[in-house]
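Notebook open. I want to look up a few side chains and write down what surrounds them.

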Amino acid sequence: MKSILKTAMKNYHETVFNGPNGEIATLINLTPHPIDFINGDGEIYKTIPSTGYARVIMHRDFIGKIEGVPIKETYYREVYGLPDPKPGVYYIVSTIVALAVKGTRDDCFTVDAVVKDDYGQSLCCKYLGKV
């Protein structure tokens with residue numbers, strides 16, 4: 001694990017890659033922190049710094065109680081900080097943002113297979129995921 005932290009970081013604001021449909025694409029990180037990707041040897045091969053922060057407004061409604069414990073239902077409302085879709089541009093966003101736009105956008109990914117330290121702090125991930 002220490003080799004991950006000692007590996008020199010590569011900084012890319014936008015990373016060009018082949019998209020899910022084989023097209024040349026740009027990947028933009030809209031989470032509040034840089035994202036390190038590791039290979040099978042545990043070495044960082046790509047770091048994508050944050051270039052903004054997409055968020056979602058949540059609303060909670062009281063729907064009842066069970067044994068005196070309140071229950072609230074959460075609704076995801078407005079997403080902000082997420083640019084309009086553009087051909088060939090894909091975004092790394094938080095899981096909550098990805099869930100809020102699920103079914104309406106296909107350009108948002110989350111980090112997946114996250115590697116954490118002994119304290120639960122995220123260090124890096126292995127690949128992107130789709131919710």
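Leaving aside neighbours within four places in sequence, which residues is arginine 105 in contact with? I am working on a predicted model. I listed the contacts and got Leu82, Pro83, Asp84, Pro85, Tyr91 and Lys130.

**Entry 1, arginine 105.** I checked its place next. Arginine 105 sits in the loop between helix 2 and strand 8, the strand being residues 108-116. Then I looked up the accessibility. Arginine 105 comes out at 17% relative accessibility, and buried means under 20%, so I log arginine 105 as buried. I also searched for polar partners of the side chain. I found a polar contact with the side chain of aspartate 107, at 2.6 Å.

**Entry 2, aromatic pairs.** I ran the ring search over the model. The count came to 1 aromatic pair. The partners are tyrosine 90 and phenylalanine 109. I noted 5.7 Å centre to centre and 40° between the planes, and the pair is classed as tilted. I then asked where the two rings sit in the chain. Tyrosine 90 is in strand 7 (residues 89-92), and phenylalanine 109 is in strand 8. They are 19 residues apart, so I mark the pair as a link between distant parts of the chain. Buried or exposed, for tyrosine 90 and phenylalanine 109? I found both buried.

**Entry 3, asparagine 29.** I moved on to strand 2, residues 24-29, where asparagine 29 is found. Its relative accessibility is 0%, so asparagine 29 goes down as buried. What does the side chain of asparagine 29 reach at 3.5 Å? I found the backbone oxygen of proline 49 there. A polar contact of 2.7 Å also joins the side chain of asparagine 29 to that of threonine 31. I then pulled the contact list, not counting residues up to four places away in sequence. Asparagine 29 touches Pro34, Ile35, Ile48, Pro49, Ser50, Thr51, Gly52 and Ile92. Pro49 is thus on the contact list, and the backbone oxygen of proline 49 is what the asparagine side chain reaches.

**Entry 4, surface patch.** I turned to the surface. Which residues make the nonpolar surface patch of about 370 Å²? I wrote down Met58, Tyr76, Ile96, Leu99 and Val131. I picked leucine 99 from this patch for a closer look. Leucine 99 lies in helix 2, residues 95-101. At 39% relative accessibility, I enter leucine 99 as partly exposed. The cut-offs explain that label, because partly exposed covers the range between under 20% and over 50%.

Methods:
Residues numbered from 1 in each chain as written. Predicted model: local features only at pLDDT ≥ 70, side-chain atom pairs only at ≥ 80, totals over all residues. Heavy atoms only, no water. Patch = residues over 30% accessible without salt bridge, like charges linked within 9 Å, V, L, I, M, F, W, Y side chains within 5 Å. Areas by Shrake-Rupley, 256 points an atom, 1.4 Å probe, with all protein chains shown as cover. Salt bridge = Lys/Arg side-chain N within 4 Å of Asp/Glu carboxyl O. Helix = DSSP H or I, 4+ residues; strand = E, 2+ residues; numbered from the N terminus. Buried < 20%, exposed > 50% of the residue type's maximum accessible area, 1.4 Å probe, protein only. Polar contact = N/O pair within 3.5 Å; in protein donor to acceptor, adjacent residues only side chain to side chain. Contact = heavy atoms within 4.5 Å. Phe/Tyr/Trp six-rings, centres within 6.5 Å; stacked < 30°, edge-to-face > 60°.
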